[in-house]
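Hi,

Here is the structure I promised to pass on. Have a look at it first, and my notes on what turned up follow below.

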Amino acid sequence: MRERSRPRGRREAGGGAGGADASPRRERRGEPAAGCGHGPAMEEGAADLRQRKKQNCTESDKMAPEERNKENSKLGRSPKYLLIQRFAKLFFGCLAAVTSGMMYAVYLSTYHERKFWFSSRQELEREITFQGDSAIYYSFYKELLKAPSFERGVYELTHNNKTISLKTINAVQQMTLYPELIASVLYQASGSEEVIEPVYFYIGIVFGLQGIYVTALFVTSWVMSGTWLAGMLTVAWFIINRTDTTRIDYSIPSRENWALPYFACQVAALTGYLKKNLNCSAEKFCYLLVNASTYTFMMMWEYSHYLLFVQAVSLFLLDSFALAQTEKVHEVYRIYLFSVIVGYLLQFENSALLVSPLLSLVVALMLSKSLQMNMKKSTFVSRLLKIMYIYLVLTVAVTLNFLLKMFIPHKENGHLLKFIEVKLGLNTTKNFTMNWLLCQESLQAPSQDFFLRLTQSSLLPFYILVLIICLFSVTQVIFRRICGEPLKETVKLEDGRIGERPEIVYHVIHTILLGCLAMCLEGMKYLWTPYVCMLAAFGVCSPELWMTLFKWLRLKAVHPILLALILSMAVPTIIGFSLWKEFFPRIMTELTELQEFYDPDTVELMTWIKRQAPVAAVFAGSPQLMGVIKLCTGWMVSSLPLYNDDDLLKRNENIYQIYSKRSAEDIYKILTSYKANFLVIEDSICNEVGPVRGCRVKDLLDIANGHVVCEEGDNYAYSKYGRFCHEIKMNYSPYVNYFTRVYWNRSYFVYRINTVISFQS
């Protein structure tokens, strides 16, 4: 009780530690700064943070209500009144968060129905709406439901030889089919067979996860700002900028639509976990949620460890400047380590996780910190290590990653490294696959339309404002830490130091890193823009951010605290009303407007295959079409739209030769080498008129085959053969000797590959 009754100023002077440690610490503070020396000050900060971490949770939990009671007694408020007020705020905030998520899921479902007329379609017409890799994912979900038992279905997927000709694959590992495994188990275990069709159950789960995604962003903004008004504004900006925040409109079963909701939950929990003065129960809850969501995210997406690597870099920078409790940050590192190890074991010993940059960085961080902790304090070596900490970590991480890749057999997306080299201008290539990837819109720099859309919704201007204020505040805090000034135990509103809150610093660093990636690759905007919505909404709704700005401006005419509170309510309210007036009618128009999606040529092709083609037939064609054929008919194909396997990439390039200037004999040899029986030629590819010069499939093939010299003017080299997809339609020798046309419509031409070749004209 004596320790509790001690004046608050005395406790702060002691840094939260016992009285025995207080006087030496005061002596150290009395020493001259010596030009803002980095080593001792940062060392002292780390000791402060460790002391705060080791405080008794029970004691702090008991002291917090006592201090609040004293403050409320001064204001004439009873503890009962405070409890009711806090409960009401929490209840209505949670209600608003859950309602926002549910309404967004309903909105997606309604929009999907209006766009595709899903309820009035036959099963075949519904399945055609799944394009490319989405068709493959859903086809394996169908196979699991058709299997006599779940165990048998999993075995057939892990030893799959009925999808790609001449190739047995572990589809669960190679295509990350854990979402489909979970969906099939839930569908059968819940007894939904007689209640809802499989396709509705599948897309319903994805839409539900998107609702959780929005709810997690709501909670993150709420936790950071202290008001659920920020959460409402986050959701509004997210929905209005839906074109740039999610790919749910184009590819429902894609892996990121399954995985990113779990990452959003992890970020929300991490935000709470990094907060100062968090009571023990809340801290344990956040820690467990970070654990569960990190592991689940790792299992849902094959590229998840890259995104976690970006997050780990953010935490590393946060810890390097001693802006967060070191123990908390290293607990998150341990979670990464555990998730990678368990993921490696459960993903059939996936060696890509062992050679991932995430594992190398985490191990380097833990080794460097262990070396630093074992050094004697105040020695020259310990101070040198503190100054060289960032360099030491990066050196160890790069060296470790190099050694792991040298000794561990792996196929860690080598084509991605080649793509990065070409993208950065470090290398040039005529390779079809590399050039085809470079031509994809998602792998190019973002267009001006992207920034224009964000500006029209007022998101980008407010994000830049919030980011600038937070960056300047963080810079001030870092300079104070270097000069030996410790962090405050609690940051009050009148202090105007928003940069001292570790969760804010983390989000600032995180969005900057993701923003740098989004400026290089447009596809990365789906990772960056949701957190732009969250950070901008937090900023305009946070009195602390406005107070930080007013501290710099040194306002005297108006009381800064009062003005900060007014603006934190008025600005988001004005933004909300303007967004409602401008964008709500557009959203309602989307939901009421009936769109028509009908592809009769593809329906006719799939119907013909199911009725006329032999069951053992193998089809060859573009990978995107092969995915749809596999889903709608179940027939075996020669290639798939997957880009994480070198053999499949080579197959795709070889089969795409049907649109090149190659001889009939060459094409026949390629197709028969994959045991193909039927060839499908798409008129849209053969006669493609692309918006970007040189990015059409036939142009890329000509470059790869040396039929076009890539110089100024694009001079065409000599080829004695015409384009195969054009020549085969003429029905003359030698094309009719190798191929026989068996079906055609306006979009597709199907040819049987002859087993007995006749050279009669």
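Let's start with one pair of residues in the sheet: F619 has V637 in β2 as its bridge partner. F619 belongs to a short pairing in which strand β1 (residues 618-620) and β2 run parallel, joined by two bridges. Before I go further, please keep in mind that this is a predicted model.

**The sheet**

The whole sheet is open and has five strands, in the order β2-β1-β3-β7-β6, with mixed pairing. At its edges are β2 (636-637) and β6 (739-744), each of which pairs on one side only.

Strand β7 (residues 748-753) is a good one to click on, as five of its six residues are buried. Strand β3 (residues 678-682) runs antiparallel to β7, and five bridges join the two. If you want a pair to display there, L679 has Y751 in β7 as its bridge partner. β6 also runs antiparallel to β7, again with five bridges, and Y743 is partnered with V750 of β7. The link from β6 to β7 is a hairpin through three residues.

**Salt bridges**

There are 26 salt bridges in the structure. Three of them caught my eye.

The first is K525 with D244, where the closest N and O atoms are 2.9 Å apart. K525 sits in helix α27 (residues 525-541) and D244 in helix α13 (residues 242-245), so this pair ties together parts that are 281 residues apart in sequence. Are these two residues buried or exposed? Both K525 and D244 are buried.

Next, K729 and D683 form a salt bridge, with 2.8 Å between the closest N and O atoms. K729 is in the loop between α36 (724-727) and α37 (735-738), while D683 is in helix α34 (residues 683-686), so to speak a link between distant parts of the chain, 46 residues apart. D683 is partly exposed, at a relative accessible area of 22%. As for networks, salt bridges with shared partners join D244, R453, E522 and K525 into one.

The last of the three is K328 with E283, at 4.0 Å from N to O. This pair also links distant parts of the chain, with K328 in helix α17 (residues 326-346) and E283 in helix α15 (residues 280-300), 45 residues apart. K328 and E283 are both buried.

**A nonpolar patch on the surface**

F87, F91, F92, L95, W228 and M232 make a nonpolar surface patch of about 610 Å². Two elements give two or more residues to the patch, namely α5 (79-116) and α12 (228-240). Which of them gives the largest share? That is α5, with four residues. F92, in helix α5, is partly exposed, with a relative accessible area of 45%.

**How confident the prediction is**

The chain has a mean pLDDT of 83, and 84% of its residues reach 70 or more. The pLDDT is below 50 over residues 1-56, a stretch that has 64 contacts in the model beyond near neighbours in sequence. It is below 50 over residues 62-68 too, and that stretch has eight such contacts.

Cheers

Conventions. Residues are numbered from 1 along each chain as its sequence is written. This is a predicted model: local features need pLDDT of at least 70, side-chain atom pairs count only at pLDDT 80 or more; totals for chains, interfaces and linings use all residues. Side-chain values use heavy atoms; hydrogens and water are left out. A salt bridge is a side-chain nitrogen of Lys or Arg within 4 Å of a carboxyl oxygen of Asp or Glu. Buried means under 20% relative accessible area, exposed over 50%, partly exposed in between (1.4 Å probe, protein chains only). pLDDT is the predictor's confidence in each residue, from 0 to 100. Contact means heavy atoms within 4.5 Å. Patches are made of residues with over 30% relative accessible area and no salt bridge: like charges are joined within 9 Å, nonpolar side chains (Val, Leu, Ile, Met, Phe, Trp, Tyr) within 5 Å. Accessible areas come from the Shrake-Rupley method with a 1.4 Å probe; for residues, only the protein chains shown count as cover. Two strands pair if DSSP finds at least two bridges between them.
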